[in-house]
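Me: I have a model open and would like to learn how to read it. Where should I start?

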Amino acid sequence: MTQQPHAPHSSAGTTATPTPTPAPGLGPTPTERAWAAGGVVFAGVLMLMNGVLAILQGISLLANDDVWARVGDYVYKINHTGWGVILLCLGALAAVTGAFILRGAAWARMTGIFLASLSMLAQFLFLPYAPVWSVIMIGIDFFVIWALAVYRPEVPA
């Protein structure tokens, strides 16, 4: 590796500061940026739909307890009315945040990561009631967290 020459000193006693240039290979490529931008749009749509489905799930838990399985002894036992309220509130927040993610609000990405984490936790606790559905929702929440975390919007120069 060769060393770069030092910047010449001016006669006034100040040094010229070179403008830094990014090293090649650092930072995302245009293809990676396009995937991340598409991923965040898809994450917004998934979060919006996840919220709507959680609202419907919460309503069905509040309206008719006979639809859902009765769980015997479970460490995290919550009655169906409690699950209905939890999923209804979490779903409403997720749907609104998903809509703002699609509008490009910067605050919505961080809120989306937080709400997807809460949804992942809630679906884990809901596993005995609907195991297949909960595993699918955990996977969707994982993708939403990943897509919102890796997205870096372009800053105009």
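Reply: Start with one cut-off: a residue is called buried when its relative accessible area is under 20%. This is a predicted model. Of the 157 residues in the protein chain, 30% count as buried.

Me: How much surface does the protein chain expose, and what share of it do carbon and sulfur atoms supply?

Reply: The exposed surface comes to about 10,400 Å², with carbon and sulfur atoms supplying 71% of it.

Me: How many helices and strands are there?

Reply: The protein chain has 4 helices and 0 strands. Along the sequence, the pattern is α-α-α-α. Contacts add to that picture: among those with a separation of 6 or more, 70% join residues 24 or more positions apart.

Me: How do I read a single helix, say helix 2?

Reply: Take the span from the first C-alpha to the last. Helix 2 covers residues 80-103, which is 24 residues, and it reaches 34 Å, close to the 34 Å expected at 1.5 Å a residue. Just after helix 2 comes G104, with a positive phi near 90 degrees.

Me: Which residues of helix 2 are buried?

Reply: The general idea first. An α-helix has 3.6 residues a turn, so residues three or four places apart point the same way. In helix 2, the buried residues are H80, W83, G84, L87, L90, G91, A94, A95, T97, G98 and I101.

Me: How many cavities of 30 Å³ or more does the structure hold?

Reply: A cavity is a space where a probe fits but cannot get out. The structure holds 1 of 30 Å³ or more, and the largest cavity has a volume of about 130 Å³. It is lined by 19 residues, and those closest to its centre are N50, A54, A94, S119 and D141. Helix 1 (30-63), helix 2, helix 3 (106-125) and helix 4 (131-150) each give two or more residues to the lining. Helix 1 gives the most, with 6 residues.

Me: How do the lining residues of the largest cavity divide into nonpolar, polar and charged?

Reply: The lining has 12 nonpolar, 6 polar and 1 charged.

Me: Is Q123 buried or exposed?

Reply: Apply the cut-off from the start. Q123 lies in helix 3. It counts as buried because its relative accessibility is 3%, and the limit is under 20%.

Me: Which residues does Q123 touch, leaving aside those up to four places away in sequence?

Reply: Q123 touches Q57, L87, W133, S134, M137, I138 and D141. Two of these have come up already: L87 is among the buried residues of helix 2, and D141 is one of the residues closest to the centre of the largest cavity.

Terms used
Residues numbered from 1 in each chain as written. Predicted model: local features only at pLDDT ≥ 70, side-chain atom pairs only at ≥ 80, totals over all residues. Heavy atoms only, no water. Buried < 20%, exposed > 50% of the residue type's maximum accessible area, 1.4 Å probe, protein only. Contact = heavy atoms within 4.5 Å. Areas by Shrake-Rupley, 256 points an atom, 1.4 Å probe, with all protein chains shown as cover. Expected span 1.5 Å × (residues − 1). 1 Å grid on protein atoms, 1.4 Å probe; cavity = no way out; pocket = protein on both sides within 12 Å on 5 of 7 lines; lining within 4 Å. Points joined across faces, edges and corners; volume = space filled by probe spheres on them. Nonpolar A, V, L, I, M, F, W, Y, C, P; charged D, E, K, R; others polar.
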